[in-house]
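User: Please explain the terms applied to this model, setting each value against its definition.

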Amino acid sequence: MGGSALVVRDLSVGYGPVRALRQVSLDVPEGAVVTVLGSNGAGKSTLLRAVSRTLSFHGGAVTGGTVSLDGRPLDRLPPDRVVAAGVSQVPEGRRVFARMTVADNLRAGALGAVGGRKERAAALHRVHDLFPVLAERAQQRAALLSGGEQQMLAVARALMAAPRLLLLDEPSLGLAPLMAARIAETVREINAQGTSVLLVEQNAALALRLASRAYVLEVGEVTLSGPAQELAASDEVRRRYLGVVDEDAAADASGARATHPMLSRWEG
Ligand SMILES: Nc1ncnc2c1ncn2[C@@H]1O[C@H](COP(=O)(O)OP(=O)(O)OP(=O)(O)O)[C@@H](O)[C@H]1O
Ligand SMILES: [Mg+2]
């Protein structure tokens with residue numbers, strides 16, 4: 001614990017004339033799970049792309065501000081060097097290489113990483129431990145996996161680079177509640193193994209349960225931030241982000257449901 005692994009300061013991003021982020025500042029302390037909430041188009045994916053330096057693939061560019069990891073600027077690095085520096089991203093929409101086998105998808109994930117055969121073997125061992133189904137299906141094409149399994153593969157592929165910081169873009173999107181809950185559990189486990197996590201989610205109830213700190217992004221600006229529990233209890237977040245989430249109620253083992261799925265836990 002202690003220092004801030006990832007420090008984002010006054011970050012502004014544009015896609016041509018479209019200003020997607022304005023002076024966003026955010027910290028992911030070493031060992032923490034930090035979440036960024038926000039509705040469609042708020043700029044969540046843009047923020048992750050700016051950190052992973054993949055904005056240019058989407059026609060975007062940083063127009064101001066800085067991103068650093070342990071005091072080391074990432075601003076000028078190409079994406080593969082960001083991976084080598086310890087930051088892996090699971091992009092939106094669980095993009096796996098559909099025609100490649102599960103095993104080859106995982107191999108691809110290790111490409112940008114530092115370390116040799118031994119480190120790769122350890123990383124593979126770790127992801128097979130986390131997701132045994134990926135060991136069972138190693139020789140199958142990724143396209144044959146279920147949506148939830150593909151999301152697991154996308155997360156596992158990012159973990160193959162043995163990141164210190166994992167960037168997760170809406171890992172629960174489009175998954176059935178039980179599968180979303182499983183992914184959440186895995187995120188917790190990955191974090192417990194020592195990887196910091198920056199989690200972008202529309203499913204605020206799920207995200208606020210996992211994170212210690214949260215930021216709310218609205219139209220490219222941070223409008224609220226603080227300890228996740230405080231945000232979960234705030235009227236603003238309850239109304240705008242928790243009131244509309246009902247998937248979690250079903251995922252919650254207790255079966256608590258409908259409009260106030262998680263709040264009792266925070267109020268108690
Ligand atoms: N490739 C792109 N080209 C042009 N504009 C883009 C591009 N990607 C995103 N934008 C714009 O930037 C803003 C932020 O988009 P972004 O995808 O970061 O939002 P988001 O919070 O991830 O949304 P969602 O929840 O829908 O994934 C939006 O106005 C969006 O239209
Ligand atoms: Mg997005």
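Analyst: The metal site, burial, the nonpolar core and the enclosed spaces are taken up in turn. The model is predicted, so local features need pLDDT of at least 70 and side-chain atom pairs pLDDT 80 or more, while totals for chains, interfaces and linings use all residues. Residues are numbered from 1 along each chain, chains are lettered from A and ligands numbered from 1 in the order written, and side-chain values use heavy atoms without hydrogens or water.

User: What makes S45 and E92 donors of the magnesium ion (ligand 2)?

Analyst: Donors are N, O and S atoms within 2.8 Å of the metal (3.2 Å for Na, K and Ca). S45 (OG) and E92 (OE) lie 2.0 Å from the magnesium ion, so both meet the 2.8 Å limit. S45 belongs to helix α1 (residues 44-52) and E92 to the loop between β6 (87-90) and α3 (102-110), so the pair ties together parts 47 residues apart in sequence. Helices (H or I, at least four residues) and strands (E, at least two) are DSSP runs, numbered from the N terminus. Water is not among the atoms, so sites may look incomplete.

User: Why is S45 called buried, and E92 partly exposed?

Analyst: Buried means under 20% relative accessible area, exposed over 50%, and partly exposed in between (1.4 Å probe, protein chains only). S45 has 12% and is therefore buried; E92, with 27%, is therefore partly exposed. Buried residues make up 51% of the 268 residues in the chain.

User: What makes a set of residues a nonpolar core?

Analyst: Its members are buried Ala, Val, Leu, Ile, Met, Phe, Trp, Tyr and Cys residues joined through side-chain atoms within 4.5 Å. The largest such core has 48 residues, of which L134, L153, V155, L166, L168 and L208 touch the most other members. Helix α6 (residues 147-159) gives the largest share, seven residues. Another core, of 33 residues, lies apart from it and includes L11 and Y215.

User: How do you know that a space is a cavity or a pocket?

Analyst: On a 1 Å grid over the protein atoms alone, a 1.4 Å probe fits in a cavity but cannot get out, whereas a pocket is an open set with protein on both sides within 12 Å along at least five of seven lines; lining residues have an atom within 4 Å of a point. The structure holds one cavity of 30 Å³ or more, with a volume of about 40 Å³; R120 and M160 are among its lining residues. The largest pocket has a volume of about 680 Å³. Of its 28 lining residues, T54, V83, Q89, P91 and R157 are the closest to its centre.

Note on methods. Grid points are joined across faces, edges and corners, and a volume is the space filled by probe spheres set on the points.
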